[in-house]
Amino acid sequence: MPPSVSAFQAAYIGIEVLIALVSVPGNVLVIWAVKVNQALRDATFCFIVSLAVADVAVGALVIPLAILINIGPQTYFHTCLMVACPVLILTQSSILALLAIAVDRYLRVKIPLRYKTVVTPRRAAVAIAGCWILSFVVGLTPMFGWNNLSVVEREWAANGSTGELVIKCEFEKVISMEYMVYFNFFVWVLPPLLLMVLIYLEVFYLIRKQLNKKVSASSGDPQKYYGKELKIAKSLALILFLFALSWLPLHILNCITLFCPSCHKPSILTYIAIFLTHGNSAMNPIVYAFRIQKFRVTFLKIWNDHFRCQPTPPVDEDLPEERPDD
């Protein structure tokens, strides 16, 4: 008999479904926009597509699995482990995509004349593939043995249970907090976030320096070139800020769980932290729509062409990156 769902769980499921219904179409729209608009085909937007793919998977895969774990079905240990690992893979993919975007924007302002020879489509594709491979390695590490199997087995034996190991599927029951804090957070989340902050600070410094010196760095007006770079860098730094704001609370709670086992964590805080992490996947398309004009215009064109059946003129590929008053 399936476990019953309480009113609180029903509210949780409702919020998760709402997040998924915003995240999946929004990020599909991002991928669609890059496909139809040639002006969105440079390396930065390829990395944005990789980020959008991870966010689509959060809405289509991770949220349903999170709902399943919240209900708490009885499963085999490794079945539960497989249910818990996708969120680790997709989180790591998002972090590495954000890091790739930051490095790309740095190269655009550091070596503008050589940028297109250094950051080629082939190298961008290799970087994206490398990010995903590394994400799978990091996210699947619990499947390779760094998990709570030995702890659960001891509890199973202490209770006098026999037969195959069956547990109530919960994230913290199968995923080791040592893995989540020492390996996942201290190695693969916090250092990349700090590195990205430093990169964006350097990007803003270089742009301001060039705008003040008015040194020509492209075939066009340097003021226009670096002005556009400044605006797009602000938008992408906002994406990074929202990611950190969404994910750090849950990692801080994990640190409390590991370093202060006796400390009481109100369940409502855990739920809010989970909502923030899942909700982050729905934020990026909204930021693109309001902050980057090429995305905004392309979104409207897709809407008019395919949903309102009112074809619009072709997208102007020379549109400025942002609104002048952004």
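A charge is taken to sit over a ring if NZ of Lys or CZ of Arg is within 6 Å of the ring centre and within 35 degrees of the ring normal. With that criterion in mind, select arginine 108 and tyrosine 115 in this predicted model: the charged end of arginine 108 sits over the ring of tyrosine 115, at 4.9 Å from the centre of that ring.

**The whole chain**

Zoom out next and colour by secondary structure, where twelve helices and two strands should appear, arranged along the sequence in the pattern α-α-β-α-α-α-α-β-α-α-α-α-α-α. The C-alpha trace spans about 75 × 45 × 35 Å along its principal axes, and buried residues make up 48% of the 326 residues in the protein. The UniProt record, an unreviewed entry, annotates several stretches as "transmembrane region", including residues 45-69 and 124-146.

**Helix 2 and its ends**

Select residues 45-69, one of the annotated stretches, over which the chain is 100% helix and 0% strand, with the end C-alpha atoms 34 Å apart. Extending the selection to residues 43-71 takes in helix 2, whose 29 residues reach 41 Å from the first C-alpha to the last, close to the 42 Å expected at 1.5 Å a residue. Where along helix 2 should one look for a bend? Centre the view on valine 58, at which helix 2 bends by about 40 degrees. A surface display is useful here as well, since helix 2 is mostly covered, with 22 of its 29 residues buried.

Move then to the N-terminal end of helix 2, which is capped by aspartate 42: a side-chain oxygen of aspartate 42 lies 3.2 Å from the backbone nitrogen of threonine 44. Just after helix 2, at its other end, select glycine 72, which takes a positive phi of about 75 degrees.

**Helix 5 and an aromatic pair**

Select residues 124-146, another annotated stretch, over which the chain is 70% helix and 0% strand and the end C-alpha atoms are 32 Å apart. Now show the side chains of Phe, Tyr and Trp throughout, as a search of the whole structure finds 19 aromatic pairs. Among them, tryptophan 132 and phenylalanine 136 form a tilted pair, 6.4 Å centre to centre with 45 degrees between the planes. Why can these two rings lie on one side of a helix? An α-helix has 3.6 residues a turn, so residues three or four places apart point the same way. Tryptophan 132 and phenylalanine 136 are four residues apart in helix 5 (residues 121-139) and are therefore separated by about one helical turn. Tryptophan 132 is buried at 18% relative accessibility, whereas phenylalanine 136 is partly exposed at 40%.

**Further aromatic residues**

Continue to phenylalanine 183 and tryptophan 188, an edge-to-face pair at 6.4 Å centre to centre with 70 degrees between the planes. Phenylalanine 183 is partly exposed at 21% relative accessibility, and tryptophan 188 is also partly exposed, with a relative accessible area of 21%; both count so because buried means under 20%.

Select Phe8, Tyr12, Tyr271 and Phe275 together, and one aromatic cluster comes into view.

For the last stop, select tryptophan 247, which is placed in helix 10 (residues 222-259) and is buried at 11% relative accessibility. From tryptophan 247, draw a C-alpha to C-alpha distance to asparagine 304, which is 57 residues away in sequence and 35 Å away in space.

Conventions. Residues numbered from 1 in each chain as written. Predicted model: local features only at pLDDT ≥ 70, side-chain atom pairs only at ≥ 80, totals over all residues. Heavy atoms only, no water. Phe/Tyr/Trp six-rings, centres within 6.5 Å; stacked < 30°, edge-to-face > 60°. Buried < 20%, exposed > 50% of the residue type's maximum accessible area, 1.4 Å probe, protein only. UniProt positions renumbered as here; feature names shortened; annotations may be inferred. Expected span 1.5 Å × (residues − 1). Bend = angle between axes of the 7 residues up to and from the residue. Polar contact = N/O pair within 3.5 Å; in protein donor to acceptor, adjacent residues only side chain to side chain.
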